[in-house]
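User: I have a protein model open on my screen and would like to talk through its layout. Could you help me read it?

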Amino acid sequence: MRIGLLTDGGYPYATGESRLWCDRLVRGLAPHEFHIYALSRSARQERSGWVLLPPHVPAERVRTAPLWAPADDGRGHGRRDRRRFALHFGRLAEAICSEGGADGTGGVESFAEGLYGLADLGRERGGLYAALRSETAVRLLESACRAPGARRSVHTATVPDFLAFADQLERALRPLSLDWYGEDDGLGAVDLCHAASGGSAALPGLLAKRFFGVPLLVTEYGVRLRAHYLATAGADGAGVRDSGAEGPDARGAGPDAGSGAPVRALLAAFHRRLAAEIYRQAGVITPGNLHARRWQERCGADRAKLRTVYPGMDAERFTASAADSADDDRNDGEDGAGEDGAGEGGPATLVWVGRIEPAKDLISLLHAFAEIHRAEPDTRLRIVGAPVRNADGAAYLAHCRGLAAQLFPDEAADAYAVGDNPVSFEEIGGPEAPDLPDVYASGSLVLLSSVVEGFPISLVEAMFCGRATVSTDVGAVVEVIGGTGLVVPPRNPRALADACVTLLRDPERRARLGAAARARARELFTVEQNLAAFRALYLELISHAPVRRAAESVDADGSPLPFAHPAETHIPGHWTAGRPRPPHTTPSWANPTGRRVGAYVGAAYAGAAYEGAAYEGAAYEGAGEHDA
């Protein structure tokens, strides 16, 4: 089948989120025909280029559009179209500014009418870029914010706030103006749309369903609405960002982070309304964990549509280090840990891997390690971070380095030895940490100290390597590790230290937890289980979708024609070579009565086609099992 894969700020670009699992999905489900529709978030991302596409996805099947650059099509609206725009945008603005229900999903119908009305106008007339930034749009926003029943947080909005919000709204609604909705060469020609995230990425899928009836599948490994809320909290000074969410706001402060409170309130309301509409129209929604699933339910998603699909990771990458770790653990169990809890034939090492940012709470980690170091003086801590790419991350890293130097002055064994700090800061891919599996294998324990977390990738990697873990109870941590590690409350250095010391002094328990963690990871978080889940969901969605292919598949009334495309037409052979068939004639000796037999022959051919279709379905299912 033909799949329209919709992305925002990720695949097929070499930078951004979702590129890894999307690439594995496209390569793993090669029998399907993927068409990529990608939105880019910055000029830097455009310059970075694409990842290497698989051979079965030629560049002609990739269509991109920037959300960061102006996209004025030069079209204007006449009087009638201006009235039409005012009607639909007014409904959209009213739904955004109104309080809604207790769950924040009220006004869905009004929002949908405005959204699809603007989509119809953009498809027929264009000109949405200028209209969404016009004086009319600003006046309608002001009227909606001042209307009775509007949320109190937008009452104080001023003209600069309306202008800033209009700019962000136009970028978010940019997919309404794209030329992706052709019936023969666009989303109208695909069998299914798969959005790699919510928000703007799913907007083309909404329009494809409205214009052509294409079923929509939405995957969210990090809920975009949650990422927006956390980015807003960071702008207010909380310094908290969602490290597990995939979206533009997960890479740092969102585009609205420096805006005033009314603008952030309007943007939050828009994203909440859009999320509710996406969940309402999607045929299936696949959260990446139960933590994301609860957020989706809170935003109005129907539980019957939800299917939890864990991210798939390459287990083979960690196989060698896991085997080495298992051998080390068996040796530890035989030789004993010693009084210093070393366990690996030398000083015990604690490993932390992740992005250097306040949400990871490295401050608490360093204070916890001070307690651990007092109990086990030979213990070392490796902090292995991704390359820092912004000023905020660099400042936080400098602060952590200063705290480590203050807590652990360089220590020397005697007057002639060079002092050494038990805490090391390393960079992933650098000379000290060129390969992550080796980093995990070097540790006695792998730690996670976050105060905000989505799906803890570092814990899953450590589990594949057979390492025991100690982590804070945030996000999907408990769901991921099950009973294969210790969990402590966040922002509690003493509890974190006590859990680490307990496992450092019990190598046999560490070995048991590591083996259980490896088995759990191989059962739940492999690429194979991820591909099998999406393969089944594709078939489930397409089996419930009506026939809506080319005109020859329907009769004059629009009803589907049975056997319009017999199974034989999909199998290469002489019958598909395009040669004209001679008209069917029945010899006189075969029809002595002279009566017409065309209907009977047609019915017999239809039955044969039905049997062929059944055989083709069986063959397809067999191929799917073979691929799995």
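What follows is a set of questions and answers on this predicted model.

User: Happy to start broad. How many helices and strands are in the protein chain?

Analyst: Good place to begin. The protein chain has 628 residues, and 51% of them count as buried. As for the elements, the count is 21 helices and twelve strands.

User: Which share of the contacts between residues at least 6 apart in sequence joins residues at least 24 apart?

Analyst: For the outside of the protein chain, about 28400 Å² is exposed, with carbon and sulfur atoms supplying 53% of that area. For the contacts you ask about, the share joining residues at least 24 apart is 73%.

User: Now for empty space inside. Which element gives the largest share of the lining of the largest cavity?

Analyst: Searching the whole structure turns up three cavities of 30 Å³ or more, and the largest has a volume of about 80 Å³. Two elements give two or more residues to the lining of that largest cavity: helix H9 (224-235) and helix H10 (261-281). The largest share, five residues, comes from H10.

User: How do the residues of that lining divide into nonpolar, polar and charged?

Analyst: The lining of the largest cavity includes Leu225, Leu274 and Ile278, along with Gly198, Glu220 and Arg224. Sorted by kind, the lining residues come to six nonpolar, three polar and two charged.

User: Let's move to helix H18. What distance should its twelve residues span, and how far apart are its end C-alpha atoms?

Analyst: H18 covers residues 493-504, and the expected span rests on 1.5 Å a residue. The formula uses one less than the number of residues, so the first residue adds no step of its own. The expected span agrees with the distance between the end C-alpha atoms, and both are 16 Å.

User: Against which elements do the buried residues of H18 pack?

Analyst: The buried residues of H18 are Ala495, Leu496, Ala497, Ala499, Cys500, Val501, Leu503 and Leu504. They pack against strand S7 (349-354), helix H13 (362-375), strand S10 (445-448), strand S11 (469-472), strand S12 (486-488) and helix H19 (507-524).

User: Two residues caught my eye for their backbone angles. Is Asp361 buried or exposed?

Analyst: Asp361 sits in the loop between S7 and H13, and its phi is positive, about 55°, although it is not a glycine. Buried means under 20% relative accessible area, and Asp361 has 10%, so the answer is buried.

User: And Arg491, buried or exposed?

Analyst: Arg491 is also not a glycine, and has a positive phi of about 55°. This residue lies in the loop between S12 and H18. The cut-off for exposed is over 50%, and Arg491 has 61% relative accessibility, so it counts as exposed.

User: Where is Pro12 found?

Analyst: Follow the backbone from Tyr11 to Pro12 and you meet a cis peptide bond, with omega near 10°. Pro12 is found in the loop between strand S1 (2-8) and helix H1 (19-28).

User: One last stop, Tyr116. Which residues does Tyr116 touch, not counting residues up to four places away in sequence?

Analyst: Tyr116 is found in helix H4 (residues 108-125) and is buried, at 8% relative accessible area. Its C-alpha is 9.8 Å from that of Phe211, although the two are 95 residues apart in sequence. With the residues up to four places away left out, Tyr116 touches Leu206, Leu207, Arg210, Glu277 and Gln281.

Technical notes
Residues numbered from 1 in each chain as written. Predicted model: local features only at pLDDT ≥ 70, side-chain atom pairs only at ≥ 80, totals over all residues. Heavy atoms only, no water. 1 Å grid on protein atoms, 1.4 Å probe; cavity = no way out; pocket = protein on both sides within 12 Å on 5 of 7 lines; lining within 4 Å. Points joined across faces, edges and corners; volume = space filled by probe spheres on them. Helix = DSSP H or I, 4+ residues; strand = E, 2+ residues; numbered from the N terminus. Nonpolar A, V, L, I, M, F, W, Y, C, P; charged D, E, K, R; others polar. Buried < 20%, exposed > 50% of the residue type's maximum accessible area, 1.4 Å probe, protein only. Contact = heavy atoms within 4.5 Å. Areas by Shrake-Rupley, 256 points an atom, 1.4 Å probe, with all protein chains shown as cover.
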